[in-house]
Every structure is written in structure tokens, then in C-alpha cells.
Amino acid sequence: MRLLALFLLVSTSQAATLAQRVEKVLSHPAARRAFWGVKVVDLDSGETLYQLNADRLFTPASNAKLFSTSLALVRLGPDHRFLTRLAAEAPPDDEGRIAGDLALIGGGDPNLSSRVLPFEKQTQFAGDRLAPIEDLADEVVAAGVSRIDGDIVGDDTFYVWQRYPQGWSVEDTVNRDGAPVTALALNDNTVMLVVRPGAKAGDPAAVRFEPPNGYFGIDNHVRTTSAKGGRPIRVDRKPGEQTVRLWGEIGLADAGFSEVLAIDDPALFAAQALREALLRRSVGVLGQAASRHTFPWERDLSRKPFAWTLASRSSMPLVEDLRVTNKVSQNLHAELALRAAARVRRGEGSVEASLAELQGFLQEAGIGAQEVSLRDGSGLSRMDLVSPAAVVSLLAYMWKSDLRERWLEALPVAGVDGTLRHRFQQSAATGRVHAKTGSLSNVAALSGYLETPAGGHLGFSVLVNHYIGEASQIRLLIDRLCAELQ
């Protein structure tokens with residue numbers, strides 16, 4: 001009995017010491033007015049080491065990606081691949097003529113781009129962002145096609161045309177953070193607007209898009225001034241419009257700037273890119289670029305199939321994209337992972353089917369319906385709510401899974417890569433924390449795994465809402481808190 005009492009005394013002392021260390025971090029003036037949720041468990045024993053507001057609900061920001069990417073990994077498997085097809089209703093005739101339309105049919109590939117995979121420390125792209133389109137155009141020519149009498153159709157009917165999940169802001173949908181969710185997603189459904197000074201003072205600024213495209217028009221009111229003048233430059237694009245307006249001044253010596261814009265109709269953008277690529281190869285195209293969608297009210301309608309495949313492109317294994325999704329916190333890819341799981345499991349790539357599939361998965365993981373309420377897969381929605389306890393339950397479930405190593409590989413590593421590349425540097429936690437970051441206005445999060453110096457394994461979730469001040473200061477406090485867990 002004396003030994004048991006001594007053991008309990010030591011355990012209680014250790015727990016109190018951890019609580020004291022965490023509470024010291026949370027006593028910082030920047031932390032006191034914020035709403036903090038923390039839970040830490042020993043994954044080897046299952047013991048809860050510390051918790052604060054663990055059952056309360058928080059806006060998780062990109063910690064929501066833990067739910068969508070784990071769902072995709074478990075439901076689809078690490079080796080799942082996406083197929084993009086280039087097809088017609090019938091084969092070309094003896095003269096190489098396709099009598100009808102040529103369709104570029106999306107299958108949900110998140111990396112229909114020049115992204116370099118496997119992922120290294122940060123996202124890299126090869127020079128030509130439209131390289132997959134160029135490759136497919138080459139295959140059309142190699143198949144002997146010389147003329148297309150119909151349109152070039154971008155077909156994203158594999159998923160329902162529900163581009164923007166509930167709770168996304170209008171501002172999000174015009175930039176890369178809120179790129180629309182579509183089964184045909186080219187270059188992350190974005191283009192880059194590049195602004196440089198003109199040749200001399202008084203000239204209009206030089207404005208271009210990368211990759212070059214005819215999707216957006218430019219209304220340029222930016223003027224070049226003397227070397228010391230210029231800025232700020234304003235960029236405006238209304239949702240649904242294809243005109244980008246710019247105004248302001250830019251100095252002659254200014255290095256310029258760039259801004260990534262989302263594309264409202266990615267299937268049309270892809271069709272335009274393919275049509276231009278074919279024309280450059282002297283393939284006659286009598287029709288125009290067009291897009292085709294499956295609207296929510298017409299899901300059961302039968303359509304004439306594009307049964308004759310002229311060319312196709314298979315993606316790299318799913319796990320390679322999940323590394324991109326979590327390590328750089330890529331919103332569109334998280335949404336596509338959620339849709340893919342529903343399309344395979346429920347035969348429908350819709351928001352409703354996706355969230356239903358996610359709910360079933362969470363039940364299997366032992367997470368109650370009152371602990372998680374997600375409206376999207378990326379965490380961009382301000383309507384998302386999760387508890388730290390639910391996040392840790394998911395982490396524990398994946399830790400016990402046969403897919404543990406593939407799952408850990410998909411998370412940012414402290415001081416090494418992704419969104420944690422510049423955090424925990426020169427710290428004992430470098431290389432020993434695998435965790436997902438999260439950030440929105442007045443929201444910060446970090447949840448994942450920590451290997452202790454003694455070889456133990458902890459699962460933790462830190463969710464912070466309603467802070468005022470610099471996000472960098474809150475992140476430093478989160479990092480300090482995690483350091484105290486060792």
C-alpha cells in the first residue's frame with residue numbers, strides 16, 4: 001500500500017508540474033483574453049496528461065484537414081489514383097476528323113498541373129504550369145486527329161457542381177484560398193496576375209497572367225511613376241466576373257508584385273487551354289471552348305457519354321497528394337479528398353455525400369456527432385466546429401491504424417518541412433513533432449504527435465479562438481506550450 005501511495009503521489013506531482021508549466025504559458029498577456037482548448041494524451045498508455053476546455057467547440061481552421069485527409073487515406077487507400085480522360089463520342093474517321101465534341105473529362109485529380117512530386121520541403125512547380133494539357137494535346141496528334149468539328153468541352157460532371165462550401169466568405173472565393181471545388185481542376189484552379197513597371201514614367205504598368213490565358217480580361221489603370229514613387233496597387237475582381245481591374249501607381253525601380261486569383265469555371269479554363277494547344281499543333285477546331293457540369297437538381301439525368309478515349313493521364317498515388325495537402329495546407333486539395341471518398345464510397349461526389357461519409361468515418365473512430373460539425377474539408381468555413389477531444393481521438397485512431405506511417409509522413413515536421421518548416425527551429429522538438437497547423441483571422445491551431453526524448457508518444461491538440469493581436473505571437477505561445485509537453 002505504501003508503494004502504491006508513493007506511486008500515486010509521484011504521478012500526481014508530475015501531472016501538476018505539467019499543468020503548472022502549461023498554465024504559465026497561458027498566463028502570458030497575449031494568451032489571457034483568448035479562448036484556449038488543449039488536450040494531451042499518452043498514446044502508449046491512453047492516459048490523459050492535460051486538458052483545458054477539451055470538450056468545448058472551437059473553429060479549427062486548417063486542423064479540419066486532419067479529418068478530410070484521414071478519411072481519404074482510410075477509405076481510398078494510399079495507392080488510389082485519379083484518371084483524367086480526353087474522349088469523343090466516336091473515333092476519328094480515316095481522315096482524322098472527329099465529327100462531334102472533344103471532351104476533357106476530370107476525375108478529381110488535384111495535381112493536374114506541373115507540381116513536382118513527390119513533395120520535398122516546400123511546393124515546387126516545373127516551368128510550364130499547363131504541361132499536362134500540352135501532353136494530352138500531343139497524344140491527340142499522335143492518335144492521328146487533324147480536325148475537330150465540335151467544341152472542346154471541359155467536363156467536370158464527376159463531382160456535383162457545388163463549388164463553394166457553406167461558410168466560405170466572398171473574399172475567399174476570388175483568391176487561391178477559396179479556389180472552386182471541381183472534378184476538373186487545372187493548376188489548382190488558379191492563375192497568377194503579375195504586375196511590373198512600364199518602360200518609362202507615365203506608361204501603363206506591364207500586366208500579364210501566368211500561365212498565359214484568355215480566361216480573364218484586364219482593365220489596367222496602373223501608371224508608372226518615378227523610381228521613388230508608386231504603390232499601393234489595388235486589384236479587384238468581382239465573383240463571377242472575368243475582368244480584373246487594377247489601379248494605382250508603380251515606380252520604375254519597383255520589382256513588381258504578383259497575386260494569385262481563383263478561376264470561377266475551371267472546366268472552361270481547361271477547355272480554353274486545350275483548344276489553344278491543339279490549334280498550335282495545327283489541329284483544326286471548328287467549335288469553341290465550353291464547360292459541362294452536373295448541377296444539384298439534375299444528378300439523375302442521363303447524358304450522352306464520351307465513350308471513345310483518345311488519351312488519358314493517371315495521377316500519382318493519393319498519399320503523395322495528401323502530403324501536399326497537409327504539409328502546405330492546400331485548401332482545394334483537402335476539398336477534393338473529401339469529394340473523392342464520397343464518390344468512391346457512395347457513388348456521388350457531392351457536399352452532402354461527402355459530409356455523410358465523413359460522419360460515418362468519425363463514428364468508427366469513436367467520435368460523437370456532438371463533437372464535430374464540419375461544413376467543408378479544408379477548414380476555410382467559419383461554420384466549422386470541433387473539440388480538442390475529438391481531434392485527439394482522431395489522432396489516436398490513426399496512430400493505432402495500419403496506415404500510421406503513411407499518415408505521419410503526410411504531416412508537417414517541426415523545423416523540417418511544410419508549414420512547420422520555420423517553426424521549432426533550434427529546439428528539442430525539431431524533427432520530433434508531426435502536426436497540422438491552422439490559421440484564420442483570430443484563429444490558430446496546432447494538433448498532431450510529439451515524440452518525447454524518452455521515446456514516448458503523445459497526441460495533442462491546441463485550438464485558440466478569439467485572440468486579438470499578432471498571429472505570430474499566438475503561434476509562438478503554442479510552440480512554447482508544445483515544448484512543455486516533453
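This is a short talk on the pocket, one helix and one threonine in a predicted model.

Okay, so let's start with the pocket. The largest pocket holds about 770 Å³ of space. There are 31 residues lining that pocket, and the ones closest to its centre are Arg 176, Asp 177, Val 328, Ser 329 and Gln 330. If you sort the lining by class, you get twelve nonpolar residues, twelve polar ones and seven charged ones.

Where does that lining come from? Five elements each put in at least two residues: strand S8 (190-196), helix H7 (331-346), strand S19 (433-440), strand S20 (443-451) and helix H11 (471-483). Of the contributors, S19 gives the most, with four residues.

Now, let's stay with H11 for a second, since this helix is on the list of pocket contributors. H11 has 13 residues, and at 1.5 Å a residue they should span 18 Å. The C-alpha atoms at the two ends are 18 Å apart in the model, so the expected span and the model agree. Which residues of H11 are buried? Those are Ile 474, Leu 477, Ile 478, Asp 479, Leu 481 and Cys 482. Notice that Asp 479 is on that buried list, along with Cys 482.

Last stop, Thr 294. You'll find Thr 294 in strand S15, which covers residues 289-294. Is Thr 294 buried or exposed? The relative accessible area of Thr 294 is 10%, and the cut-off for buried is under 20%, so Thr 294 counts as buried. As for a partner, a polar atom of the Thr 294 side chain lies 3.3 Å from the backbone oxygen of Thr 157.

That's it from me.

Conventions:
Residues are numbered from 1 along each chain as its sequence is written. This is a predicted model: local features need pLDDT of at least 70, side-chain atom pairs count only at pLDDT 80 or more; totals for chains, interfaces and linings use all residues. Side-chain values use heavy atoms; hydrogens and water are left out. On a 1 Å grid over the protein atoms alone, a cavity is a set of points where a 1.4 Å probe fits but cannot get out, and a pocket is an open set with protein on both sides within 12 Å along at least five of seven lines; lining residues have an atom within 4 Å of a point. Grid points are joined across faces, edges and corners, and a volume is the space filled by probe spheres set on the points. Ala, Val, Leu, Ile, Met, Phe, Trp, Tyr, Cys and Pro count as nonpolar, Asp, Glu, Lys and Arg as charged, and the others, Gly among them, as polar. Buried means under 20% relative accessible area, exposed over 50%, partly exposed in between (1.4 Å probe, protein chains only). A polar contact is a pair of N or O atoms within 3.5 Å; within protein, one must be able to donate a hydrogen and the other to accept it, and residues adjacent in sequence count only if both atoms are side-chain atoms. The expected span of a helix is 1.5 Å times one less than its number of residues.
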